[in-house]
Structures are given as structure tokens and as C-alpha cells.
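Subject: Structure handover, with notes on what was found

Dear colleague,

Here is the structure I promised to pass on to you. Please open it beside this message, as my notes follow directly below.

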Amino acid sequence: MDSEASFAALCGVSPAERSSRRQVRRLNRGGYRQANATLHRIVFTCLRVDPRTQDYYERRIKEGKTRREIVRCLKRYAAREVFHLVKQLQPDPRS
């Protein structure tokens, strides 16, 4: 895992460009299901207890986004944060 994008693809939260009349982007259906389930738990826990996440949710609802689209975005943000935490814990292979 060298980048956030590769980690997001591994977790199944990278956007896959597809279009239909109503929806332009969907989540990648591939990836490691347990990692995706973990991100799902993180997002829904944050929606219950984190004021920043609740404010973000309300703001996006006012913009006309659906709950599914908001959760997709929040999963991507959570994957980004988890990637940076994991990256800090990994030793540098070049050393």
C-alpha cells in the first residue's frame, strides 16, 4: 500500500465511475469486505457521536445529497484517516 488510493481500493471505497440517469458515482464493489465493514462501523459510530460528522451530514443533506452518497464520502474520508494511521505504524522498508 503506497498510496491512499490503493488503500481505498483495497477497502472497496474507491469511487468507480459509472453513470445512469440518477446516479453518477458508486462505490467500488470489490475489495476486502472486512475492511469495508470496519469503515462502515466507523462511519456510523461517528454519525452517532461526533459533532463534526453530524454537521457534515446535515450540510450535505441541505445540498441535496442522499444518505447513501454521504456515507460513501464519509467512508472515503475514514479510509484516508486510517491509511495515515497505518502508515505511521509501518516501519520504513528502506531502512
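I will start at helix α1, where Glu4 has its place. Please keep in mind throughout that this is a predicted model. Glu4 counts as partly exposed, at 23% relative accessibility, and, once neighbours within four places in sequence are left aside, Glu4 is in contact with Arg76, Arg80, Phe83 and His84. The C-alpha atoms of Glu4 and Ala79 are 7.7 Å apart in space, although 75 residues separate Glu4 from Ala79 in sequence.

On confidence, the mean pLDDT of the protein is 85, and 80% of the residues reach 70 or more. Confidence is lowest in strand β2, residues 25–27, where the mean is 58, whereas helix α3, residues 51–62, has the highest, at 96.

Salt bridges

In general, side chains of opposite charge can pair when their charged atoms come close. The structure holds three salt bridges, and one of them joins Arg80 to Glu4, with the closest N and O atoms 3.0 Å apart. This pair links distant parts of the chain, since Arg80 belongs to helix α4 and Glu4 to helix α1, 76 residues apart. Arg80 is partly exposed, at 29% relative accessibility, and Glu4, as noted above, is partly exposed at 23%.

A salt bridge is also formed by the side chains of Asp50 and Arg52, at 3.8 Å from N to O, and here Arg52 is exposed, with a relative accessible area of 64%. Arg60 and Glu63 form a salt bridge as well, their closest N and O atoms being 3.5 Å apart. In that pair, Arg60 counts as buried, at 15% relative accessibility, while Glu63 is exposed, with a relative accessible area of 52%.

Arg60 has a further contact that you may wish to look at: leaving out residues up to four places away in sequence, Lys65 touches Arg60 and Ile70. Lys65 lies in the loop between α3 and α4 and is partly exposed, with a relative accessible area of 33%.

Aromatic pairs

How many aromatic pairs does the model contain? The count comes to two. Phe7 and Phe83 form a tilted pair, with 5.8 Å from centre to centre and 45° between the planes. Because Phe7 lies in helix α1 and Phe83 in helix α4, this pair ties together parts that are 76 residues apart in sequence. Phe7 is buried, at 8% relative accessibility, and Phe83 is buried too, with a relative accessible area of 6%.

Tyr56 and Tyr77 form an edge-to-face pair, with 5.8 Å from centre to centre and 85° between the planes. This pair, too, links distant parts of the chain, with Tyr56 in helix α3 and Tyr77 in helix α4, 21 residues apart. Tyr56 is buried, with a relative accessible area of 10%, whereas Tyr77 is partly exposed, with a relative accessible area of 39%.

The nonpolar core

As background, in soluble globular proteins, nonpolar side chains tend to be buried together. In this model the largest nonpolar core has 17 residues, of which Cys11, Val13, Leu39, Val43 and Leu74 touch the most other members. Helices α1 (4–11), α2 (33–49), α3 and α4 (67–89) each supply at least two residues of this core, and α4 gives the most, with seven residues. For Leu74, leaving aside neighbours within four places in sequence, the contacts are Val43, Leu47, Thr53 and Tyr56, the last of these being the tyrosine that also takes part in the edge-to-face pair with Tyr77.

Cysteines

Finally, how many disulfides does the model have? The count comes to zero, with a disulfide taken here as a pair of cysteine sulfur atoms within 2.5 Å. Cys11 is buried, with a relative accessible area of 2%, and Cys73 is buried as well, with a relative accessible area of 11%; both values fall under the 20% that marks a residue as buried.

With best wishes

Note on methods:
Residues numbered from 1 in each chain as written. Heavy atoms only, no water. pLDDT = per-residue confidence, 0-100. Helix = DSSP H or I, 4+ residues; strand = E, 2+ residues; numbered from the N terminus. Buried < 20%, exposed > 50% of the residue type's maximum accessible area, 1.4 Å probe, protein only. Core = buried A, V, L, I, M, F, W, Y, C linked by side-chain atoms within 4.5 Å. Contact = heavy atoms within 4.5 Å. Phe/Tyr/Trp six-rings, centres within 6.5 Å; stacked < 30°, edge-to-face > 60°. Salt bridge = Lys/Arg side-chain N within 4 Å of Asp/Glu carboxyl O.
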